[in-house]
Amino acid sequence: MTQQNQVFSFDIEEDDLFDYGYEQPGSIPGTLSIEKDATPPECFLIDYNSQKAILVTNLTPEDCQEYMNLDSVSWFNVGGLGNEDFFLRLGKVFRLHPLTLEDIVNAPQKPKIEYNQEQLVIIANMAIPKPHNQGFWLEQVSLVITKKYILTVQEEPDRDCFEPIRQRIKLQKGNIRLKGTDYLAYALWDSIIDGFFPVLDIYSEKIEDLEDEVISNPTSQTLAEIYQVRRELLALRRAIWSQRTALSSLIRDGSVLIDDEIVLYLRDCYDHAVQIVDLIETYRELSSGLTDIYLSAMSNKMNEIMKLLTVISTIFIPLTFIAGIYGMNFNYDTSPWNMPELNYYWGYPLCLGLMIAIAFGLIVFFWRQGWFDKVSFEQQKKER
Amino acid sequence: MTQQNQVFSFDIEEDDLFDYGYEQPGSIPGTLSIEKDATPPECFLIDYNSQKAILVTNLTPEDCQEYMNLDSVSWFNVGGLGNEDFFLRLGKVFRLHPLTLEDIVNAPQKPKIEYNQEQLVIIANMAIPKPHNQGFWLEQVSLVITKKYILTVQEEPDRDCFEPIRQRIKLQKGNIRLKGTDYLAYALWDSIIDGFFPVLDIYSEKIEDLEDEVISNPTSQTLAEIYQVRRELLALRRAIWSQRTALSSLIRDGSVLIDDEIVLYLRDCYDHAVQIVDLIETYRELSSGLTDIYLSAMSNKMNEIMKLLTVISTIFIPLTFIAGIYGMNFNYDTSPWNMPELNYYWGYPLCLGLMIAIAFGLIVFFWRQGWFDKVSFEQQKKER
Amino acid sequence: MTQQNQVFSFDIEEDDLFDYGYEQPGSIPGTLSIEKDATPPECFLIDYNSQKAILVTNLTPEDCQEYMNLDSVSWFNVGGLGNEDFFLRLGKVFRLHPLTLEDIVNAPQKPKIEYNQEQLVIIANMAIPKPHNQGFWLEQVSLVITKKYILTVQEEPDRDCFEPIRQRIKLQKGNIRLKGTDYLAYALWDSIIDGFFPVLDIYSEKIEDLEDEVISNPTSQTLAEIYQVRRELLALRRAIWSQRTALSSLIRDGSVLIDDEIVLYLRDCYDHAVQIVDLIETYRELSSGLTDIYLSAMSNKMNEIMKLLTVISTIFIPLTFIAGIYGMNFNYDTSPWNMPELNYYWGYPLCLGLMIAIAFGLIVFFWRQGWFDKVSFEQQKKER
Amino acid sequence: MTQQNQVFSFDIEEDDLFDYGYEQPGSIPGTLSIEKDATPPECFLIDYNSQKAILVTNLTPEDCQEYMNLDSVSWFNVGGLGNEDFFLRLGKVFRLHPLTLEDIVNAPQKPKIEYNQEQLVIIANMAIPKPHNQGFWLEQVSLVITKKYILTVQEEPDRDCFEPIRQRIKLQKGNIRLKGTDYLAYALWDSIIDGFFPVLDIYSEKIEDLEDEVISNPTSQTLAEIYQVRRELLALRRAIWSQRTALSSLIRDGSVLIDDEIVLYLRDCYDHAVQIVDLIETYRELSSGLTDIYLSAMSNKMNEIMKLLTVISTIFIPLTFIAGIYGMNFNYDTSPWNMPELNYYWGYPLCLGLMIAIAFGLIVFFWRQGWFDKVSFEQQKKER
Amino acid sequence: MTQQNQVFSFDIEEDDLFDYGYEQPGSIPGTLSIEKDATPPECFLIDYNSQKAILVTNLTPEDCQEYMNLDSVSWFNVGGLGNEDFFLRLGKVFRLHPLTLEDIVNAPQKPKIEYNQEQLVIIANMAIPKPHNQGFWLEQVSLVITKKYILTVQEEPDRDCFEPIRQRIKLQKGNIRLKGTDYLAYALWDSIIDGFFPVLDIYSEKIEDLEDEVISNPTSQTLAEIYQVRRELLALRRAIWSQRTALSSLIRDGSVLIDDEIVLYLRDCYDHAVQIVDLIETYRELSSGLTDIYLSAMSNKMNEIMKLLTVISTIFIPLTFIAGIYGMNFNYDTSPWNMPELNYYWGYPLCLGLMIAIAFGLIVFFWRQGWFDKVSFEQQKKER
């Protein structure tokens with residue numbers, strides 16, 4: 001068999017929205033599993049207080065040491081996970097527990113929060129919209145927060161949602177320069193969570209498009225698109241759900257590293273996370289309702305096809321039968337009962353007339369059954 | 001391809017029942033995002049005590065200051081969100097936290113309640129029925145409650161459900177004029193929640209109409225209407241659910257701003273919210289059950305179409321075959337076995353008779369199979 | 001279009017199982033909304049102690065006053081809600097809170113329980129079977145219980161399930177005459193809850209009937225009946241669920257008005273409520289499973305129809321083709337290759353023989369494919 | 001209409017797996033409702049200690065009195081519920097609360113546990129497999145446990161799962177003879193719960209059979225069988241679920257009647273109950289998944305039927321048309337353009353050749369579309 | 001009936017993923033039920049401290065005694081369950097409670113954890129991938145942990161996931177040799193849980209394959225494969241879910257046998273279990289969404305078949321009718337109105353022309369209806 005019948009001409013894109021990073025089973029806890037094609041890490045530092053804000057790039061882990069204990073707020077940002085040695089040194093400099101380092105490097109992990117007296121570690125997921133409304137990247141970003149500095153680690157150096165915050169620091173917008181690491185941590189996490197809204201806008205529009213499509217012109221790939229939307233919403237839900245839980249536990253339990261005033265801001269951030277969860281659930285329900293309409297539209301199409309076949313067959317089969325009758329060769333010569341109609345003066349016209357009458361009768365019958373109408377909604381409304 | 005096959009002739013209306021207002025990710029907390037086409041705000045005041053009730057219109061935020069600390073109950077009502085400067089001044093006058101102001105202005109937000117010693121802030125959603133049973137508007141209304149005054153902010157100046165309360169104040173109906181801000185707050189929230197009942201009545205009727213329609217004459221747009229109903233019930237459920245939760249937490253935790261007697265009234269209000277949630281869930285279950293009937297009605301229609309085709313084909317195909325037989329040209333001259341029937345004296349009448357017998361036999365067969373019945377429910381009942 | 005194609009000939013009955021009574025939004029709390037066609041209230045009293053039991057009929061609210069504080073147990077029963085003035089006076093006499101009076105009169109309300117030191121108010125729902133197994137009425141009955149008397153208010157004077165209790169009081173059956181108002185309250189609520197069992201028996205039988213029907217002779221109205229059953233079970237579940245919750249909270253919290261011994265009886269009553277919830281859930285699962293069988297039976301019917309069409313078409317189409325061949329008019333005179341079969345001596349018999357052979361072959365083919373069998377379950381079992 | 005079209009030839013068996021026993025609503029609490037066809041009760045006693053074990057049969061309730069307070073363990077077993085007087089006397093002898101007696105006699109009741117200082121009452125459900133894998137009986141068995149004796153009441157004297165325990169007592173297997181009533185109670189309940197495993201084995205096999213059947217040869221009664229399996233699993237789940245809850249509350253709360261050592265055994269018993277719940281849920285999920293495959297197999301069958309019809313029609317319809325063309329009677333004598341083909345020397349052979357070519361072309365077309373393949377799974381695998 | 005129509009050519013593999021081991025109901029608690037074909041047990045010991053690590057094979061239960069109380073960490077591993085006597089002796093040597101021994105031997109049991117002051121017993125499930133991605137084995141492994149030694153019992157001697165740990169002990173990788181039994185217990189359980197990841201990778205790939213298959217070439221066995229995947233995911237979920245619960249209760253309650261430092265590691269292990277549960281749920285949702293697409297692809301195929309039949313029939317039926325007309329034998333000699341067309345000069349060509357015109361018209365009609373397009377997704381996008 002050389003040629004298959006292709007029902008769909010549309011491919012579900014392969015992605016890795018649903019995988020978790022894990023090391024070999026049985027390996028030593030804290031083992032880092034570096035992917036081959038991971039970007040090599042780059043580290044830069046933004047150090048600011050109310051007077052000044054400086055940017056230092058291309059730091060090695062050891063370079064960080066001198067900035068860690070300054071009184072200003074130091075934000076170390078590492079982009080890229082592709083260097084085991086780099087992260088082992090980083091872990092030593094920043095005194096990270098091996099299991100924490102494992103969570104940071106073996107991305108993606110389930111978002112979570114862990115804290116002790118000195119450090120607050122947040123594993124978060126950013127949703128970065130891809131260009132041309134083509135879905136989104138889910139990128140892990142890890143925050144290590146202490147009184148003096150914040151360390152953020154992300155998968156790609158140039159793919160994050162922190163640019164507005166860098167601007168706010170640089171241009172001294174708002175009062176971020178007057179506050180400590182806890183406010184910066186809030187600002188970062190808030191921009192991570194608010195970053196889900198633009199992504200959800202894409203799906204809001206996609207669902208509206210699909211609603212129109214499923215009603216006006218459903219094709220087999222419409223369902224594949226609905227499936228894709230549900231799939232991606234599922235990924236988003238997983239990402240935001242765990243962050244919502246993490247936020248909630250941080251607000252509930254508090255932390256010595258987080259000022260009470262900041263908790264108020266975190267509560268606002270939590271409200272946004274709840275709204276996002278809520279939106280995603282709504283979109284999932286809507287897209288699941290679309291499947292019903294799609295299947296009904298399909299069976300409707302089938303009904304239309306069958307109606308056409310039935311109308312044509314039902315009209316012509318009796319006519320062809322009549323034509324068949326008078327195509328028989330019974331011998332009139334043998335008997336006057338053998339097809340005398342063939343010799344009537346008006347035989348042929350009467351026969352044609354009978355056929356037209358039957359055809360007309362059937363058309364009227366189908367018309368009264370309503371098989372020919374595609375009346376619009378407004379018309380039906382009036383008739384009621 | 002110039003012309004598409006239009007399966008449905010009915011459009012799902014676009015609305016924004018499922019969006020939340022949000023500012024740009026990463027922006028400064030408390031940023032107000034004013035929509036371009038938002039109505040400019042108007043503010044008026046109803047100030048009353050047991051002796052008098054006055055109405056002051058066209059207030060600026062600063063004008064409010066002199067009324068805020070009177071011993072009478074002052075109800076400031078702001079309608080329209082389209083002026084950033086206005087709300088920044090309003091926030092200053094009424095001492096609103098920037099995040100609270102953000103929630104009030106960046107509508108719609110998820111309904112919630114927040115309180116401290118001085119202020120009780122309620123973000124609520126009104127469901128206002130559209131004219132001609134065409135669905136409803138979901139409008140955010142925010143209440144800021146203190147001992148001395150209440151500030152309400154709504155999206156449109158002339159679209160709310162507070163008119164009966166204004167009448168009760170004006171005409172001194174009931175004892176609203178004798179009570180404080182907490183009773184007014186209860187009255188406002190109660191009328192917001194009770195306002196869901198008339199909207200639900202619309203859906204109760206729509207579902208009854210759809211039950212009839214899906215049984216008597218299901219068309220493809222019936223399902224689109226069911227989908228629309230489920231969609232709008234989903235929006236209603238989201239709106240009422242959060243308010244139910246907010247009410248429940250207010251009743252449970254209490255507040256210094258709310259008198260114990262008023263809590264009793266709030267509990268009644270909460271019962272209504274629970275009844276509304278309950279009704280919505282019921283309607284959602286019913287409309288989901290309708291989908292099953294619809295699909296079955298579709299497959300029933302298909303069965304009817306196929307039955308017609310099969311009856312017609314099965315009757316005429318054998319007859320046409322017989323006519324075909326006697327239309328063959330085997331040469332009787334060559335052999336007496338070649339179609340001697342054609343020369344029988346009764347050949348043609350016998351042939352017609354055979355055809356009629358076959359047709360009659362098949363009709364009896366189909367009749368006994370029950371293919372021609374559309375017996376009514378009552379008849380079947382009796383037969384059992 | 002004058003005549004629609006009627007798919008179903010069966011109507012879903014209109015009822016108001018899913019509505020709640022509510023007053024106009026924004027109206028004064030405690031407003032009574034009397035329906036126009038409500039029955040005018042009648043009040044009678046059963047007053048009893050271990051020695052005697054008297055019945056006083058046609059009481060006005062004010063008449064009740066003298067019986068309220070007797071040492072005997074006084075059971076005031078009001079039937080009918082159609083008189084606003086009557087209930088306002090009743091509320092004054094029995095010292096009912098306006099919101100309680102509203103719940104009693106604006107029936108139906110969600111079942112609930114409310115209590116303070118003096119009064120215990122139960123809003124309950126009776127399920128009264130309609131005659132001829134035609135479903136049931138859901139009737140609100142409100143109980144106001146104090147140490148001295150019980151006031152019950154129901155929607156119709158002659159539609160309740162309290163007759164056996166009146167008999168027990170009258171005929172001194174059991175020890176009801178020896179006990180106080182709490183035992184009477186238990187007896188009333190117990191008979192309300194046990195009253196669901198006979199109603200559920202109706203549905204148990206209906207589901208068994210539907211199981212048979214869906215298997216032996218599914219018609220389009222079978223599904224409408226399944227939908228109706230699910231709809232009514234939904235209404236029953238709502239009614240019993242809230243009463244179960246109310247009972248549970250009464251047992252858990254206790255009340256000074258309820259003796260410890262009676263709590264034991266209430267726990268039995270609660271067990272029955274749990275059994276009813278359990279039964280309803282079971283019936284709902286069963287009826288939802290029936291929908292699957294129904295849809296499969298439909299597609300089975302379609303298969304049978306298509307098989308018939310295919311058998312008939314597949315057998316006769318080739319035969320008609322052969323007849324068509326020998327109906328062609330190729331001129332034998334021009335060429336010996338032009339249809340010499342027509343002049344063979346055995347031409348016609350051979351042709352008929354060929355047709356019979358083809359038909360027989362196809363019948364054997366279909367028979368071996370199993371298209372003609374409707375073997376019974378027992379036969380198949382043996383074959384395995 | 002005399003003859004219905006029988007779609008299924010298989011009946012869902014009627015049973016009473018889903019009913020509860022209840023007395024008339026409003027009747028006196030503790031009323032016993034004896035079914036007419038209930039077996040008359042028989043009572044026997046097994047009395048044992050480490051030295052001896054005796055069996056006393058045909059006891060009246062009053063006979064039991066003398067054995068109740070012996071130091072040995074006395075196990076009274078009553079089989080059959082068909083005698084109201086017997087149970088009233090039994091209740092008096094064993095000092096059973098009227099509501100407890102009602103639960104014991106009005107079987108079936110929801111399994112539950114009730115205890116006070118002196119008595120521990122367990123209402124349990126046994127699942128006894130019917131012969132020939134024909135489902136199971138659900139039989140209520142009630143246990144009344146005190147320090148001195150155990151009373152068990154079951155619906156039928158000869159239908160229980162206690163035989164192995166009687167053997168263990170008789171033959172002194174294990175250490176049952178050395179322990180008290182609490183160990184006996186554990187042993188009885190454990191054998192009740194473990195008795196669900198063999199019943200579940202039946203369904204494990206049934207589901208495997210159905211998996212094969214739905215894939216190799218799905219018929220309409222396959223779905224009826226799936227429905228039956230789900231129905232019976234539902235009944236099993238109800239029975240075990242409540243017992244699991246009862247066990248859990250006994251383990252959590254403890255009882256003076258149960259030794260700490262026995263609690264360890266009960267925990268094992270509880271683990272088994274959890275495993276049974278888990279198995280039932282799994283089987284329910286599997287059988288629900290089978291419905292999907294069944295429906296798909298049905299639509300697959302339909303596809304096969306339609307393919308056959310389409311192949312036959314599509315091949316023969318054009319051929320018949322060609323034969324029809326050359327069956328026309330245009331008069332060659334009038335015009336040389338009127339069907340000159342009929343007079344060609346090779347006319348007929350060419351015409352036949354054309355037909356064969358068309359038929360062959362269409363067969364090749366369908367073959368390349370893959371309409372003739374039923375390739376096996378292994379073949380497809382290799383091709384990929 | 002000798003030959004059935006085989007719809008599927010694919011078998012669901014029989015396995016015992018869903019059975020639990022249980023002894024005969026009513027048997028003495030602690031009864032071991034040895035399966036006939038169980039592997040005979042082999043026992044070996046790895047004994048290590050920071051200085052040395054020794055391996056002792058072929059131990060009898062009594063041999064173990066001398067190693068049990070050494071200061072070094074002793075890991076006894078028993079593989080195979082096929083010897084009742086062996087396990088009774090083992091139980092005596094290791095002082096296992098009969099019920100614990102029962103759980104260890106009567107595999108499989110639901111994973112759980114039990115602990116007292118001296119022993120911590122973990123019943124776990126390993127998922128071992130079968131070769132060639134053919135699913136997995138679920139093997140029970142039981143861990144008995146004390147301060148001095150660990151005893152592990154598994155079903156097959158050579159089927160576990162502990163090899164990397166044996167290597168770590170042997171080659172002194174990491175610091176396992178420096179730690180106690182609690183760290184070893186963690187290492188074992190961690191490798192059991194991480195062992196689910198590679199198995200899940202198989203299903204991640206299978207689902208991707210099925211996504212492609214269901215879209216490009218859905219056959220009836222595609223659904224059988226989806227069912228199989230869901231079935232196996234169900235088994236995995238049951239296995240991991242209980243282990244997650246066991247881990248969580250161990251972390252929450254702690255144990256004197258587990259050091260605080262190890263609890264930190266167990267929390268990491270717990271996070272992995274949560275991720276696995278999360279992945280499984282995701283895969284189950286995806287595979288359930290695939291069923292929808294499959295059914296839609298089926299009905300799409302049907303639509304294509306019906307379209308072909310309808311196009312062919314609708315084109316040729318009218319043409320055949322026309323041919324039938326001119327095949328009638330009305331006698332021109334009797335009347336000039338009897339089929340004069342047959343004698344027209346251009347009769348035949350005109351007739352053919354009419355047929356061609358009709359055919360062409362219908363083809364254009366179907367083409368404009370879009371019946372011939374299988375436009376790709378990209379093309380449609382552009383048209384919008």
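Which elements do the buried residues of H3(B) pack against? Keep that one in mind; we'll get there at the last stop.

**Before you click**

You're looking at a predicted model, where local features need pLDDT of at least 70, side-chain atom pairs count only at pLDDT 80 or more, and totals for chains, interfaces and linings use all residues. Residues are numbered from 1 along each chain as its sequence is written, chains are lettered from A in the order in which they are written, and side-chain values use heavy atoms, with hydrogens and water left out.

**Stop 1: chains A and E**

Select both chains. A turn of 72° and a shift of 0.0 Å along the axis lays chain A on chain E with an RMSD of 0.1 Å (least-squares superposition on the C-alpha atoms of residues with pLDDT of at least 70 in both). That's how a five-fold axis relates copies. The copies use different surfaces, though: 14% of the contact residues of chain A recur in chain E. To find the axis, go to A:Gly327, whose C-alpha at 4.7 Å is the closest approach of chain A's residues to the rotation axis.

**Stop 2: the A–E interface**

Now show contacts (heavy atoms within 4.5 Å). You should get 76 residues of chain A against 80 residues of chain E. The two chains bury about 6,700 Å² between them, with carbon and sulfur atoms giving 61%; that's accessible area (1.4 Å probe) lost on putting the two parts together, summed over both. Highlight A:Tyr22, A:Tyr227 and A:Tyr348: in chain A they lose the most area to chain E, together 11% of what that side buries.

**Stop 3: charges and helices**

Zoom in on A:Arg231 and E:Glu211, which form a salt bridge with the closest N and O atoms 3.1 Å apart. Between chain A and chain E the count is 6 salt bridges (a side-chain nitrogen of Lys or Arg within 4 Å of a carboxyl oxygen of Asp or Glu).

Next, colour by DSSP runs (helices are H or I, at least four residues; strands are E, at least two; both numbered from the N terminus). H8(A) gives the most to the side of chain A that touches chain E, with 18 residues.

**Stop 4: H3 of chain B**

Finally, select residues 98–105 of chain B, helix H3, where 7 of 8 residues are buried (under 20% relative accessible area, 1.4 Å probe, protein chains only). B:Leu99, B:Glu102 and B:Asp103 are among them. And the opening question? The buried residues pack against H8 of chain A, together with H2 (84–93), S4 (112–115), S5 (120–129), S6 (136–145) and S7 (149–154) of chain B.

Notes. Buried < 20%, exposed > 50% of the residue type's maximum accessible area, 1.4 Å probe, protein only.
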